[in-house]
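Okay, thanks for having me, everyone. Let me put the structure up, and then I'll walk you through one helix and a few backbone oddities.

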Amino acid sequence: LPEGVIMCLVVASLAWLGFSIILHEDKKLALCVTPKIASTSVLTYVRWTELPWQKACLYNNWMVQDSRRTCNALGVQFVYNTYDISHPEDLKPLRIAASQRPPFQNEEMRNFVPAGVSTLITVRDPWKRILSAFRDKLMHPHEAMDCQWDAQCIDTRYVDGYAQTSSGMSRLSRVFSAICNFDQSNPHFAPQHEQCLNSGLLATMDRRGGNVAAVAIDRGRSNLISDRLNSTKPFDSILISRRTSEHANFTVPLSILVRLNEYFKLEYSILKTRFGISYPGLGKVLDLAQDMKADTVVVNVGDGSVIPVEPIMPKSSPLVLSQPPPPNSLPLPRARARARARAR
């Protein structure tokens with residue numbers, strides 16, 4: 001790419017950015033962000049803190065505290081949406097590459113980070129990330145691109161195969177089943193190892209000599225981003241908190257949760273072996289459910305808790321033991337014969 005030209009693989013009007021790499025060559029740092037791992041927060045923070053005010057205010061920085069008051073005082077109104085990356089002149093010194101559809105591990109994305117540039121990857125517990133995607137994209141119609149729970153709309157925009165699974169299951173069960181059964185074209189639900197934790201992307205970054213590290217957003221480590229940028233404005237002090245208050249419960253068959261746990265194994269393995277980041281996963285609760293012989297579990301999509309449902313034993317009729325006949329109640333054959341003889 002020519003000097004200063006942004007590689008934009010998406011159109012400007014999209015409502016989310018997708019798997020993306022934010023490059024700040026002046027500071028020799030690239031940030032690789034996956035959807036549902038603070039991707040909007042990271043993009044907004046870097047743009048707000050690293051661009052001149054006149055350019056930063058051109059974007060809808062709704063996540064930044066007092067951004068509108070600040071920009072209004074400067075006499076600048078935003079003209080670009082939050083995820084617009086199609087104006088390279090207004091993003092300098094940043095360059096951004098993004099992809100919304102497979103293959104996530106395409107050659108352009110792998111080669112985007114120059115040699116000698118360090119990369120910081122945002123990561124998150126795969127279980128909590130999937131629940132976050134469900135809450136944001138499938139529980140609230142305005143967040144779900146106005147799908148209004150239309151199965152075909154959701155199937156097309158968010159989870160492949162969603163409409164093809166059994167309608168008798170809970171909404172969450174149908175989504176989990178679709179995730180396990182089909183390749184995901186939507187990066188909100190696709191695993192991290194198909195995006196920033198992709199083996200091809202990591203191998204390319206390693207070969208180019210830059211340090212590759214991970215920041216666990218869900219472990220309170222987000223200020224590491226501002227530290228690596230040498231920013232005097234801590235990450236957590238700039239952005240509006242988006243902690244969920246949604247705690248809806250959904251019943252999920254244990255068999256689906258077992259399959260989902262298998263689906264997560266590669267992500268958990270990469271996080272632990274490559275970056276030393278361990279998450280509890282679903283192993284213990286699955287063991288408990290199997291010990292209880294539970295067929296279903298209740299999942300809280302807010303805090304991620306899983307409670308096995310103890311099976312209810314079917315009611316049975318009282319057991320009646322047969323009683324032996326009283327002595328001599330049934331005459332023996334010889335006694336019957338004597339009784340008949342006397343009768344004659």
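So, keep in mind that this is a predicted model. Let's start just past the end of helix α8: Gly209 comes right after α8 and has a positive phi, about 85°.

Now step back into the helix itself, which covers residues 199–207. Which residues of α8 are buried? They're Leu201, Leu202, Thr204 and Met205. Looking down the axis of α8, you'd find those buried residues within an arc of 160°, so they line one face of the helix. Flip to the other side of α8 and you get Ser199 and Arg207, which are exposed.

And what covers the buried residues of α8? Quite a cast: the cover includes strands β1, β2, β4 and β5, plus helices α4 and α11.

At the N-terminal end, α8 is capped by Asn198. A side-chain oxygen of Asn198 sits 3.0 Å from the backbone nitrogen of Gly200.

Okay, on to the loops. Between β1 and β2 there's Lys28, and Lys28 has a positive phi of about 55° despite not being a glycine. Lys36, in the loop between β2 and α1, also isn't a glycine and has a positive phi, near 70°. Is Lys36 buried or exposed? Buried, because its relative accessible area is 12%, and the cut-off for buried is under 20%.

Last one: the peptide bond from Lys92 to Pro93 is cis, with omega near 10°. You'll find Pro93 in the loop that runs between α3 and β3.

Terms used:
Residues are numbered from 1 along each chain as its sequence is written. This is a predicted model: local features need pLDDT of at least 70, side-chain atom pairs count only at pLDDT 80 or more; totals for chains, interfaces and linings use all residues. Side-chain values use heavy atoms; hydrogens and water are left out. Buried means under 20% relative accessible area, exposed over 50%, partly exposed in between (1.4 Å probe, protein chains only). Helices (H or I, at least four residues) and strands (E, at least two) are DSSP runs, numbered from the N terminus. The arc is that of the directions from the helix axis to the C-beta atoms. Contact means heavy atoms within 4.5 Å. A polar contact is a pair of N or O atoms within 3.5 Å; within protein, one must be able to donate a hydrogen and the other to accept it, and residues adjacent in sequence count only if both atoms are side-chain atoms.
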